[in-house]
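Biologist: Could you take a close look with me at the place where the two protein chains meet, and then follow that surface out to the DNA? I would love one connected walk through it.

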Number of protein chains: 2
Amino acid sequence: MEGFLADIHDVAKLAGVSIKTVSRVINHEQGVREITRARVQKAIDKLQYTPHIGARLMRSSKSNLIGLISSTISTVSRDPVKSGLSSIHIVSGIQQYCRKANKTLLIIDTEPDEEDIKSSIDIFRSHQVEGIFHILNYHHQVSPLQYSDTPFWIVNGYSNSQTAAVVPDDYHGQKLAVEYLLQQGHTRIGYIGLSTSIEAGKLRLKGFQETIQQYDLPYDLMLTELGIKNASDNSFSLLHEALDKLLKHASPPTAICFGNDEMALQAIPILEKRGLNIPDDISIMGYDNDFATAAAARPKLTTVSLPYQRMGQIAAENLLRQLQDPDAESKFEDYPIKVKGEVVVRESVRALSSIKIASKKII
Amino acid sequence: MEGFLADIHDVAKLAGVSIKTVSRVINHEQGVREITRARVQKAIDKLQYTPHIGARLMRSSKSNLIGLISSTISTVSRDPVKSGLSSIHIVSGIQQYCRKANKTLLIIDTEPDEEDIKSSIDIFRSHQVEGIFHILNYHHQVSPLQYSDTPFWIVNGYSNSQTAAVVPDDYHGQKLAVEYLLQQGHTRIGYIGLSTSIEAGKLRLKGFQETIQQYDLPYDLMLTELGIKNASDNSFSLLHEALDKLLKHASPPTAICFGNDEMALQAIPILEKRGLNIPDDISIMGYDNDFATAAAARPKLTTVSLPYQRMGQIAAENLLRQLQDPDAESKFEDYPIKVKGEVVVRESVRALSSIKIASKKII
DNA sequence: TGTCTAAATGACAAGGTTGTCATTTTTTCA
DNA sequence: TGAAAAAATGACAACCTTGTCATTTAGACA
């Protein structure tokens, strides 16, 4: 039995049926009597028979393979500290569903470069994948690629309204953050956001602004500082300046929303050096719920979650549905699908119990 | 041209050669005149021909696929905070080499359960992978699995001396940590380690003990506290107790080595609450160089790196070599291969300049 | 130029599966 | 019980490539 691989003929012989019947059994086709099926199955088990993917691929196009393009892993090695490592949660979500559906993930991790992505798609095509996920490291728009008729889903970004895509609802998340602070009694809320050149920055700012307006908070208290692109070392002084402005304001904020957890983390020592205790003197909120950062910070960060895993699940759910019945109308009129996150309460926000909450306007 | 896929016959026809010659060109076989090769290549380009993997698989078993089993992603979703997320750096290292060699990674992320792993191997077998990596979330021993003759490498763990495997050299790393502290003038060094029931705990303790001995540090100053299994919430009180014992010692340590970064991180507030400033009053070292943790801590943690990426690279390098020439003798007499990490200097260790360094014993 | 050798190219089978369609077996119902 | 219908099963081609070995072409040398 050393190195011996049984093929469908061996199974057929052992079971005393034709190869076609064996084929029917392994593909769960109907029209096989239970007694025959059992006999064949027994032979399959005995011979440890596995269908030869190559041969199968030649006849059908059922590869049971789903392609996944990401750049998480490549990025990790270049910038281990930052990087879109958390987008692995997207993969996690996809993974769960694919396993249930007995699909194997073919993962190509590549530079987030259009050429590389195209060649990845080519590789997928040659492996006859049944569907493709394209995972982005951060929420942004990409140019549409023309593919074959293979279902294609972008996760954590979008292309155009025809291209299936799932994104986080950054607008809604920032709104939730403000509403949470309101519930805790804060009415003077500062905002130090991401650059509005990226999607998340734009949407979160909008969510912040509109919520402030909606709740009739005095508009001149909206302390907004932009231009902080990312929480990398070189923008550290920008963060300094922004905090400076906010705190020197005539009536400074009792709470500040930061563009992401990383920024909030960096702000902590700056604030403390000014003698401000968090959350006693000032509350802060992050965004992303970047586990490592948010939980490692002291105090632990109250933040808004980026529903990465859920996004992955939603994309997978839909793609697998498409696979099962390709003609079904899409539920969605246009893309991207927006997925809502939620406030994750930890320690960095204090309740100002003395202050009354502004009544909510009717939208 | 809609949906039309050219096959080798189309190319041959267009180029005016036989299919075999086309086959030679796409497989870079020798024995084709340059002029012929060019003509064929032109036809290939024109028709956007891609060889059909299925058909190719049936004849040659060259799938260009490498299987990778991990449980990183699955684990992430269960325990986002801890989890072996950093083992993704192993994948990163493997990825680099595989891309260079034009191999595509087939990643199956599964529970770290023997049954699941076996079935993953079966899937890989049916896809004709050319080699398999098995990535463990933490350094430990696994029972050997009998596979086909496909090259199989375990990374971050080992099985038996015949099974190819790569592990971090925990013994050496802890030794480096102690030597670094010695260089900084510390001679009273405490140790609060991982449980010795896991490999890393065992080896690091040994590294610590033997180095202490080797440098003739008074043995009764070796303050060792064990039994801290992991830095999860429920062992928090254990960490408290351990620190208590160390600090109440007649001549307390000027530096403490912790079992990992997570533990060191948790120790910081405990130490500070006792009025000890880090590193002015006491120096601390972590282990793992868990980027998020070590860099997010304040002060940033001086630690020892777990050479995950390098381990991945080494495994990949060797597996790919095996693939290229299967008969070559292995360079290694027995496994696992040990890969050394290094001290990563950040902020949590202070130099005690006043104290002379013990002279190094000859080994 | 003709012969011999080496290099280049081609013809054809084989590989393991599924789709099509034919055949056999079982079931249904008069 | 027998004929018709339905269900189960089987025979065989086709899928696209590469390996083997045969044939043709180009090159070397007398």
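Modeller: Happy to! Let me begin with a definition: contact here means heavy atoms within 4.5 Å. Please keep in mind that this is a predicted model.

By that contact cut-off, 47 residues from chain B and 47 residues from chain A take part. Of the interface residues of chain B, 100% are also interface residues in chain A, so the copies meet through the same surface. The geometry can be described too: a rotation of 180 degrees, with 0.0 Å of shift along its axis, superposes chain B on chain A with an RMSD of 0.2 Å. That is the relation of a two-fold axis. If you want a landmark for the rotation axis, try Gly54(B), the residue of chain B that comes closest to it, with its C-alpha at 2.0 Å.

Now to the area. The size of an interface is often given as the accessible area lost when the parts come together. Chain B and chain A bury about 4100 Å² between them, and 66% of that is on carbon and sulfur atoms. Ile73(B), Ile88(B) and Arg298(B) supply 14% of the area that chain B buries against chain A, more than any other three residues.

As for polar links, there are zero salt bridges between chain B and chain A, but eight residue pairs are in polar contact there, both partners at pLDDT 80 or more. Several elements of chain B each supply at least two residues to the side that touches chain A, among them helix 5 (72–78), strand 2 (104–109) and helix 11 (261–273). Helix 6 of chain B gives the largest share of that side, seven residues. By class, the side of chain B that touches chain A has 24 nonpolar, 17 polar and six charged residues.

From here we can step across to the DNA. DNA strand D is surrounded by 27 residues, and the closest come from both chains: Thr21(A), Thr36(A), Ile8(B), Ser23(B) and Tyr49(B). Of the atoms of DNA strand D that come within 4 Å of the protein, 59% belong to sugar and phosphate. A polar backbone atom of Ile8(B) sits 2.5 Å from a phosphate oxygen of DNA strand D, while a side-chain N or O atom of Lys20(B) is 2.8 Å from a base nitrogen of that strand. Helix 2 of chain B gives the most to the surface near DNA strand D, with four residues. That surface divides into nine nonpolar, eight polar and ten charged residues.

DNA strand C has 28 residues around it, with Ile8(A), Ser23(A), Tyr49(A), Thr21(B) and Thr36(B) coming nearest. Here 55% of the strand's atoms within 4 Å of the protein belong to sugar or phosphate, and the rest to bases. Thr36(B) places a polar side-chain atom 2.3 Å from a phosphate oxygen of DNA strand C, and the side chain of Arg24(B) has an N or O atom 2.7 Å from a base oxygen. From chain A, a backbone N or O atom of His52(A) lies 3.2 Å from a phosphate oxygen of DNA strand C. Helix 2 of chain A supplies the largest share of the surface near this strand, four residues.

Methods. Residues numbered from 1 in each chain as written. Chains lettered and ligands numbered in written order. Predicted model: local features only at pLDDT ≥ 70, side-chain atom pairs only at ≥ 80, totals over all residues. Heavy atoms only, no water. Buried area = accessible area lost by both parts, 1.4 Å probe. Salt bridge = Lys/Arg side-chain N within 4 Å of Asp/Glu carboxyl O. Polar contact = N/O pair within 3.5 Å; in protein donor to acceptor, adjacent residues only side chain to side chain. Nonpolar A, V, L, I, M, F, W, Y, C, P; charged D, E, K, R; others polar. Near = heavy atom within 4 Å. Least-squares fit on C-alpha atoms with pLDDT ≥ 70 in both.
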